[in-house]
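This explanation leads a reader through one protein model. Please keep the sequence and the structure in view while reading.

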Amino acid sequence: MLGRFYTKKNVETPEGAETPSTLQEKPSVEKPSAHAKPAQTELRDFVNERVELHRFLIDKINLSILDTMEEDELHDELRPLVRDYAKANSFPLSGSELEGLINDIADEMLGLGPLEPLLDDDSIADILVVGSGSVFIERGGVLEKTNVRFKDEDHLMRIINKVVASVGRRVDESSPLVDARLQDGSRVNVAIRPVAVDGPQVSIRKFAKRPYSLDKLVENKALSQGMADLLAACAEAKISMIISGGTGSGKTTMLNALSSYIPFQERLVTIEDAAELQLQQPHVVRLETRPPTVDGRHEIMQRDLVKNALRMRPDRIIVGEVRGGEAFDMLQAMNTGHEGSMSTVHANSPRDGISRIEQMVGMAGMPMSQTAIRSQISSAVQLIVQLSRLRDGTRRVTSISEITGMEGDIIQLQELAKFKRLGVTDDGMILGEFRPTGIRPTFYEELETMGLNLPSETFDPSKATPA
C-alpha cells in the first residue's frame, strides 16, 4: 500500500535515512519555500504552516487512491511524511503535539484537503477558489491571496464532488452550476467547465460557529443600540420584514440574529436553496429545494416549498432569499395569518427592494396589475432593513424604513433610522454615525401594548451614535 500511496515524481531517499522494506523510494523532504513563515503560536501563522504542509503532501502522495484507504491506514502512511517535514522545518512541537498534527492532517485529507486549515480559521469569512492554482480569502472585509493550491484540476474536482454529493446534488458538464452546503452550514457555490472557462470555481461563505447576536453586531458597530432595540422589538411583535442588501452585506447574519427574539413557543418553517440559516429556536422545520434529476424531472423549487409550508401549521415562514415567483406566495402567507415572517432580497436601497419584489411577483405569472401587486406588498411587508458593505469592507445597517401604505399607486416609505457618512480617514476607513430620524413607526402603539417599550432616545434625532 505504501508504494502506491506515493507519487513517482521527485522521489528520492534523503541522505542518511533508512529505506523501509516496503518502499524502495521515499520522497525527499523539501526545504520551506521562500514565502513560508516560521511556525508561531498565533492562529494565523499556524494556519500558514498547515497550508505549507498541505502543499508538500499533495506533491508527494498519490491522490487517486486516497478515497480507497481506511482512516487508520492513512494515519500510518502519513506519519513518516509529516514527521520528516516537521523536522526539516523545525516545528516546535512535542511528540504528542506532532501526533495530534498527524491525525489532524489525515482527517483533512479525508475531508476537504487543502481547504481545511482555512475552514478552521474563524477570522476568515469567505474562501474563493479560482481554478486549481489560486485560492483567495476574505478577512476583515479585505481580499488576500493565499499559498493554498490543489495538485491539479482532478484534485479540485474530487473535493468538489465530495461536497455536492454529501447534500445529494451533482455537478457535471450537463449541470455545471450548483449550490451546496458544508456540514457546519457554510454555503458553497460551484461553477465548472464549460461555464467556468479557467477551470472549477468555488465560493465558500463561512458562518461563525456561534451565530452573531444583535449585541455582537452593535459591538462591531454594524448598527446602533437604538436600532438594535427597535429591530428586536419588531421581531418579537411579529412585524413582517424584509432584509435588503448587496452580496456579502450580512443579510443572513442579520436574519439569524433577529431570530433569537422570536418567542420560543412558535413554530418556524425555513425555506432555502441550500440550508444555511442557524435559527435559535427549538421548533424549526427546515426545507430545502432540490435540483432536477439527470432526466430533468423531480425538481422542487422554492415556490413549491412555500406552498407546502402553508399546510404545516407554521407561526412564521422564513424564506432565506426570495429570487423568483415564490415572492408572490411569500406575500400571500404574510397576508393570511403568518405575520412576523421574514426574508432577504438582493437590492441596494429600500425602494429598490420594493421594486425587486414587485418584479419577482410578476415572475409568478399571476394575472395581476401593477397596482394590485404593490397593494399586496404594502399590506404584507411592514419593515425593510437595508444593509450595505462599504468600500472599506465594513458592514453597516444603512437604513430602517417602514412601509406605511399606498398613495395612489405608489408605495409610501418613511425612514426611521439611517447611517450617515461623514468622511474618510487617511487609511481609507469610512467615518459615520447612526441617526434616528425622529419618526416613530405607525405600529409603535402595538409595541407598547405588548410591553415592548423603547427608550425615548431610540427616536431622538439629536442622539446620533458614532460608527
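**Enclosed spaces, fold and local features**

The second largest cavity holds about 40 Å³ of space. The model in which this cavity is found is a predicted one. The residues that line the second largest cavity are Ile242, Val322, Ala327, Met330, Leu331, Met334 and Ile357. By class, these lining residues comprise seven nonpolar, no polar and no charged residues. Helix α11, residues 326-335, supplies the largest share of this lining, namely four residues.

Two residues of that lining, Met330 and Met334, lead to another site, since both are among the contacts of serine 341. Serine 341 is found in the loop between α11 and β11 (342-346). Is serine 341 buried or exposed? Its relative accessible area is 0%, and serine 341 is therefore buried, the limit for that class being under 20%. A polar atom of its side chain lies 2.7 Å from the backbone oxygen of histidine 338. Apart from neighbours within four places in sequence, serine 341 is in contact with Ser240, Met241, Arg316, Ile317, Met330 and Met334.

The wider setting may now be described. The protein contains 14 helices and 16 strands. Of its 467 residues, 51% are buried. Among contacts with a separation of 6 or more, 57% join residues 24 or more positions apart.

In the structure as a whole there are two cavities of 30 Å³ or more. The largest cavity has about 50 Å³ of space. Its lining is formed by Leu112, Leu115, Ile159, Ile160, Val163, Leu182, Val188, Val190, Val202 and Ile204. Two or more residues of this lining are given by each of α6, β5 (187-191) and β6 (201-205). Which element gives the most to the lining of the largest cavity? That element is α6, with three residues. The lining of the largest cavity divides into ten nonpolar, no polar and no charged residues.

Helix α6 itself merits attention. Does its length agree with the number of its residues, and what span should the 13 residues of α6 have? At 1.5 Å a residue, helix α6 (residues 153-165) should span 18 Å, because the expected span is 1.5 Å times one less than the number of residues. The end C-alpha atoms of α6 are 18 Å apart, which agrees with that expectation. At the N-terminal end, α6 is capped by aspartate 152, which has a side-chain oxygen 3.2 Å from the backbone nitrogen of aspartate 154. The buried residues of α6 are His155, Leu156, Met157, Arg158, Ile159, Ile160, Val163 and Val164. Among them, Ile159, Ile160 and Val163 also line the largest cavity.

The description now turns from cavities to a pocket. The second largest pocket contains about 500 Å³ of space. There are 23 residues in its lining, of which Arg169, Thr289, Arg290, Pro291 and Glu299 are the closest to the centre. At least two lining residues come from each of β4 (177-181) and α10 (302-309). The largest share, three residues, is that of β4. How do the residues of this lining divide by class? Seven are nonpolar, seven are polar and nine are charged. The lining of the largest cavity, by contrast, has no polar and no charged residues.

Several features of the backbone remain. Between β5 and β6, the loop contains proline 194. The peptide bond that runs from arginine 193 to proline 194 is cis, with omega near 10 degrees. The strands β5 and β6 that this loop joins have already appeared as elements that contribute to the lining of the largest cavity.

Two lysines show a positive phi. Lysine 221 lies in the loop between α7 (214-219) and α8 (225-236). Its phi is near 65 degrees, a positive value in a residue other than glycine. Lysine 221 has a relative accessibility of 42% and so counts as partly exposed. Lysine 238 is placed in the loop between α8 and β7 (241-245). For lysine 238, too, phi is positive, near 65 degrees, in a residue other than glycine. With a relative accessibility of 24%, lysine 238 also counts as partly exposed.

Note on methods. Residues numbered from 1 in each chain as written. Predicted model: local features only at pLDDT ≥ 70, side-chain atom pairs only at ≥ 80, totals over all residues. Heavy atoms only, no water. 1 Å grid on protein atoms, 1.4 Å probe; cavity = no way out; pocket = protein on both sides within 12 Å on 5 of 7 lines; lining within 4 Å. Points joined across faces, edges and corners; volume = space filled by probe spheres on them. Nonpolar A, V, L, I, M, F, W, Y, C, P; charged D, E, K, R; others polar. Buried < 20%, exposed > 50% of the residue type's maximum accessible area, 1.4 Å probe, protein only. Polar contact = N/O pair within 3.5 Å; in protein donor to acceptor, adjacent residues only side chain to side chain. Contact = heavy atoms within 4.5 Å.
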